[in-house]
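User: I have a model open on my screen and would like to understand the words used to describe it. Could you walk me through the reasoning behind them?

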Amino acid sequence: MKFDTRVVRAGITPDPTTGSILPPIYETATYVLEEIGKDKGFDYTRSSNPTRQVLEQNLAAIEGGEYAICFASGMSAVDSAMKLLSAGDHVISSDDVYGGVSRHFNRVLARYGLTFSYVNSSEPEAVRKAIRPETKMLWVETPTNPLLKVTDLAAMADIAKQHGLYLGVDSTFATPVFLRPLEYGVDIVMHSTTKYLSGHNQIIGGAVITNRQDIYDEMKFIQKTIGAVPSPFDCWLTLLGLKTLHLRMQRHTVSAQRVAAYLEDHPKVSRVTYPGLASHPQHEIAKSQMSGFSGMISFELKGGIAAGKAVMNNVKLCDLAESLGAVETMITHPATMTHADVPAEEREARGLTDGLVRLSVGIEDVEDIVADLEQALDKA
Ligand SMILES: Cc1ncc(COP(=O)(O)O)c(C=O)c1O
């Protein structure tokens with residue numbers, strides 16, 4: 001099946017009992033055995049569930065992977081990937097990761113003996129230099145949240161292979177429509193399915209996709225042992241959202257390109273970051289590695305924080321909200337919202353200034369989005 005067909009169909013067959021075209025929502029905790037040792041493939045929903053299994057098969061097919069494992073959130077997917085490691089192990093992470101991820105690394109996992117170095121993974125040499133004897137994992141976000149830095153995955157896979165490291169990629173911003181990291185030799189692809197994959201602000205969820213049987217076995221064990229699993233209803237809602245992923249992403253990327261060009265030309269805007277702009281520092285890598293640039297933009301105003309806040313407080317169509325990747329256009333202030341837990345000096349060092357505005361371009365008519373930004377910018 002070609003990609004668009006896989007999105008709609010993979011893993012989904014009509015229900016054998018009723019012919020229902022959508023998979024039933026198996027809201028059950030447990031399954032009745034015919035006799036001791038004789039079940040129908042399911043014994044307890046923390047371990048596996050038929051609705052979740054359909055979602056996992058669909059996600060694996062879309063990413064071009066053998067196995068997918070779903071979690072209750074993107075964060076629990078990250079946490080479970082890190083549980084492949086042991087106390088004393090060292091992780092090299094992209095410096096510009098989602099604030100919840102660095103909070104988890106620094107304030108939870110560090111307590112259990114893992115250590116972390118943050119480097120600009122857009123520079124493979126910087127990654128190479130950060131490797132220590134105890135390094136076990138490279139954790140890359142591409143494009144990053146919120147500065148949209150892009151990492152060359154083939155270069156990362158070379159480094160990981162050479163040094164025997166796991167290579168994990170948070171591909172939430174790119175989605176499998178535009179980037180399939182497994183094709184570059186990545187071991188673990190992670191998504192916050194809360195975002196583009198479900199697409200309608202309807203659930204919190206996460207997933208990990210891999211081609212490696214050893215990683216799958218271990219993560220399946222972690223999933224059933226820790227139990228950070230999504231509800232069957234959330235799996236079903238995610239499946240419903242996924243069916244239009246390819247169509248939504250095409251609109252997100254076309255509209256974001258238009259909005260980015262509009263902002264870049266605006267006299268009050270000092271800097272626009274979007275991987276689809278020729279001015280983006282890794283535009284060439286993005287162009288060669290991704291088939292579209294997705295829907296996320298960040299920008300700064302010449303008037304700094306005050307002007308940025310005026311825009312965010314004056315938008316009418318765009319929602320001031322803490323998420324991204326949904327059909328609605330959402331605007332966010334990373335310094336006080338998504339990345340509030342990153343210490344101020346660290347934010348400044350990363351270029352994540354207090355004046356930065358993040359925009360998740362939705363699938364409304366793009367001229368309405370531009371008109372809304374225009375009236376808000378007038379007030380800045
Ligand atoms: C890039 C990225 N990774 C992971 C997460 C965490 O996902 P969740 O909110 O589903 O736990 C987010 C959330 O914003 C994110 O943007």
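User: What covers the buried residues of α4?

Analyst: Happy to help, and please keep in mind that this is a predicted model. The cover over the buried residues of α4 includes α3 (74-82), β2 (90-94) and β3 (115-119). The buried residues themselves are Gly 99, Val 101, Ser 102 and Phe 105, in a helix that runs over residues 99-107.

User: How do you know that the buried residues of α4 line one face of the helix?

Analyst: Look down the axis of α4: the buried residues fall within an arc of 160 degrees, so they line one face.

User: What puts the buried residues of α12 on the same side of the helix?

Analyst: In α12, which covers residues 304-314, the buried residues are Ala 307, Gly 308, Val 311 and Met 312. Around the axis of α12 they cover an arc of only 135 degrees, so they sit on the same side. The partners they pack against are the strands β9 (296-301), β10 (319-320), β11 (330-332) and β12 (357-360), together with helix α14 (366-378).

User: Let's step back to the whole chain. How many helices and strands does the protein chain have?

Analyst: There are 14 helices and twelve strands in the protein chain.

User: And why is the protein chain called as compact as a globular protein of its length?

Analyst: Because its radius of gyration is 21 Å, close to the 21 Å that the globule rule gives for 380 residues. The C-alpha trace spans about 75 × 50 × 35 Å along its principal axes. Of the 380 residues, 48% are buried. As for contacts with a separation of 6 or more, 73% join residues 24 or more positions apart.

User: What makes the crossing of α2 and α9 left-handed?

Analyst: The crossing counts as left-handed, because that is the name when the near helix is turned anticlockwise from the far one by less than a right angle. The axes of α2 (residues 50-63) and α9 (residues 232-242) cross at roughly 35 degrees and come within 8 Å. On the α2 side the contact is made by Thr 51, Arg 52, Val 54, Leu 55 and Asn 58, while α9 contributes Pro 232, Cys 235, Trp 236, Thr 238, Leu 239 and Leu 242. Those residues divide into seven nonpolar, three polar and one charged.

User: Why is Ser 294 called buried?

Analyst: Ser 294 has 28 other C-beta atoms within 10 Å, and a residue is buried if that count is 20 or more, so Ser 294 qualifies. Ser 294 is in the loop between α11 (283-289) and β9. The phi of Ser 294 is near 70 degrees, a positive value in a residue other than glycine.

User: Then why is Asn 201 called partly exposed?

Analyst: For Asn 201 the count is 18 other C-beta atoms within 10 Å. Buried needs 20 or more and exposed needs 12 or fewer, so a count in between is called partly exposed. Asn 201 is found in the loop between β6 (188-192) and β7, and its phi is positive too, near 55 degrees.

User: What makes those phi values worth pointing out?

Analyst: Most residues other than glycine have a negative phi.

User: Which peptide bonds ending at Pro 143 and Pro 146 have which form, cis or trans?

Analyst: The bond from Thr 142 to Pro 143 is cis, with omega near -15 degrees. The bond from Asn 145 to Pro 146 is cis, with omega near 10 degrees. Pro 143 is found in the loop between β4 (135-141) and α6 (153-163), and Pro 146 lies in the loop between β4 and α6.

User: How do you know that Arg 271 is partly exposed?

Analyst: Arg 271 has 16 other C-beta atoms within 10 Å, which falls between the cut-offs of 12 and 20, so Arg 271 is partly exposed. Arg 271 is found in strand β8 (residues 269-273). Leaving aside neighbours within four places in sequence, Arg 271 is in contact with Phe 299 and Glu 300.

User: Last one: where is Asn 211, and what does Asn 211 touch?

Analyst: Asn 211 lies in the loop between β7 (206-210) and α8 (213-226). Not counting residues up to four places away in sequence, Asn 211 touches Gly 65, Glu 66 and Leu 182. With 18 other C-beta atoms within 10 Å, Asn 211 is partly exposed.

How values were computed. Residues numbered from 1 in each chain as written. Predicted model: local features only at pLDDT ≥ 70, side-chain atom pairs only at ≥ 80, totals over all residues. Helix = DSSP H or I, 4+ residues; strand = E, 2+ residues; numbered from the N terminus. Rg over C-alpha atoms; globule rule 2.2 N^0.38 Å. Contact = placed C-beta atoms within 7 Å. Axes fitted to C-alpha atoms, helices over the stretch in contact; angles between N-to-C directions. Nonpolar A, V, L, I, M, F, W, Y, C, P; charged D, E, K, R; others polar. Arc of directions from axis to C-beta.
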